Amino acid sequence: MAALTTDSAKTDPLIRITDLTFIYPGSVKPVLRQLNLDFHQGERVGIMAPNGSGKTTLFYLLMGLLKPDSGTIEIFGKPVRSEKEFENIRKRIGMLFQDSDDQLFSPTVLEDVAFGPLNLGKKPAEAKLIARDTLNQLGLEGFENRVTHKLSGGEKRLVSLATVLAMEPEVLLLDEPSNGLDEETKTRLITHLSDLDLSYMIISHDHDFLYELAQSNYTMKNGQLEPMERMHIHYHSHPHTSHRH
Amino acid sequence: MNITEPFAIGNSGIHLLDPRPRVVIAVLFSTITAVLQQFPPLFLAFALALFLVFRARLNPVIVGKRLTILGLFLTMIWLLVPLTFEGELVTRFWKLNIYLPGIVYSAKITIKSVTILLIFMSLVATMPITTLGHTLHRLRLPEKLVFLLLITYRYLFVIGEEYVRLRTAMKIRGFKSGTNLHSFKTTAYLIGMLFVRASVRAERVNQAMRLRGFNGHFYSLEDFAAYRSSGWFLTFALSLLILILVLEWLL
């Protein structure tokens, strides 16, 4: 145990969750029960678990959108509790929402991508530049003046990713990023995400997607995270004829 | 469901003008038109509005279509007001009295409303809603109202799509709207569900905005320097407005 402590002291986790418990108001059963997690720099973690098991809740707690009933969340080595502390955290952790329509609220793509940088205090010209760079990085050149609600589902997802990346986060929380995407867009998303020099956690039901992107995988049982075997993850219920692994 | 902005994109002299003076003139011009009482200044205002529509090179068919909607309301006024606004009798039609002040009043309402609609079509509808939002922000309209306008514009489509989805789901389960309690109840559920969904979505949008550092401030990327100088337009519009007011006072 002593060895373990010295070992983890070398690389302090980016996120350390200790005994986190959360009960939705009006419910008796906790969604998260004494959940623990150490998440280190450079890690790419997948979380695959049934609906309603508390995956999104975990993300919301990490971002300070929900308040835990007990337990502590330490991010970048400091415990975070108050809204003020979370405001600082949000500049460094980006979260991609399940529904892109929730994320893209500006009329045009450029405005939406520039929204984060402007809030961080960048000048309009600078914010525009960052927004353009981020869009180009994701292969979305020429999307600047497109109207957000007229984008296709796949385009919306990529632009949403751009809005998060434009804030230059160190960690990404991705909530079912491949949901509802066709194979081509999914491949594009996989390419872009694996090229990023970032740590991230992905919630997904998509075996292939996690297989490509996550180094380790968790499932959730009784409100806790449990490691999954790699082999286990890549179990397929459908026959493969079109592609190799 | 769709909101079309047929006039928003163009390269007429008016489209290229700075949006700020356009909005200011549109508000001034329509307010003045609304309070005019004399016919000569009213006709002058109408002529000015026509001229602006012509300068903005708007598609006359679409302009006509938009005026038709107004026409329905005006028809109601022409049917009712000449019969009820008592004064000098013009003629008797069957057993109905038709009064002169009623006709004059209806005519004024007609000219005023058509003029105001044309002003807004030529000066305000010639910019995208987004630009309008940023312009109002620059003109010091409260941030909350600007957000309300822009976010309504953005989510009207989303809520519209939700409505269509719910409607389809009802249809494929055999729902047909009729005049009975079941129909009323179902429609009430549909509307209620739309409100529930809209408020849940509003909550999520708000969360997503907070995660990106939103603190209630509105930052605009709009670069108003890119527009053509609007000196001539302001001089022209303001001097005509003064002329209209002088006419109103003199007569």
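**Salt bridges, a sheet and a shared surface**

In this predicted model, A:Arg16 and A:Asp38 form a salt bridge in which the closest N and O atoms are 2.9 Å apart. This pair ties together distant parts of the chain, with A:Arg16 sitting in strand β1 of chain A and A:Asp38 in strand β2 of chain A, 22 residues away. Side chains of opposite charge can pair when their charged atoms come close. Over all chains, the count comes to 18 salt bridges.

The two strands just met belong to an open sheet of four strands in chain A, which follow the order β2-β1-β4-β5 with antiparallel pairing. At the edges of this sheet are β2 (32–39) and β5 (78–79) of chain A, and each of them pairs on one side only. Strand β4 (residues 70–75) of chain A runs antiparallel to β5(A), and two bridges join them. Within this part of the sheet, A:Glu74 stands opposite A:Pro79 of β5(A). A helix also meets the sheet: α2 (residues 55–63) of chain A lies across β1 (15–22), β2 and β4 of chain A, and its direction makes an angle of about 115° with β1(A).

Attention can now turn to the place where the two chains meet. Chain A brings 31 residues to the contact, and chain B brings 25 residues. Between them, chain B and chain A bury about 2700 Å², with 58% of this area on carbon and sulfur atoms. In chain B, the residues that lose the most area to chain A are B:Leu211, B:Arg212 and B:Leu221, which together account for 35% of what that side buries.

Charged and polar groups take part here too. Six salt bridges are counted between chain B and chain A. One salt bridge links A:Glu83 with B:Arg210, where the closest N and O atoms are 3.6 Å apart. In addition, twelve residue pairs are in polar contact between chain B and chain A, with both residues at pLDDT 80 or more.

Which helices of chain B each supply at least two residues of the side that touches chain A? They are α5 (129–138), α6 (143–171) and α7 (181–211) of chain B. The largest share of that side comes from α7(B), with eight residues. Sorted by kind, the residues of chain B on the side that touches chain A comprise 13 nonpolar, six polar and six charged ones.

Terms used
Residues numbered from 1 in each chain as written. Chains lettered and ligands numbered in written order. Predicted model: local features only at pLDDT ≥ 70, side-chain atom pairs only at ≥ 80, totals over all residues. Heavy atoms only, no water. Contact = heavy atoms within 4.5 Å. Buried area = accessible area lost by both parts, 1.4 Å probe. Salt bridge = Lys/Arg side-chain N within 4 Å of Asp/Glu carboxyl O. Polar contact = N/O pair within 3.5 Å; in protein donor to acceptor, adjacent residues only side chain to side chain. Nonpolar A, V, L, I, M, F, W, Y, C, P; charged D, E, K, R; others polar. Pairing = 2+ DSSP bridges. Axes fitted to C-alpha atoms, helices over the stretch in contact; angles between N-to-C directions.
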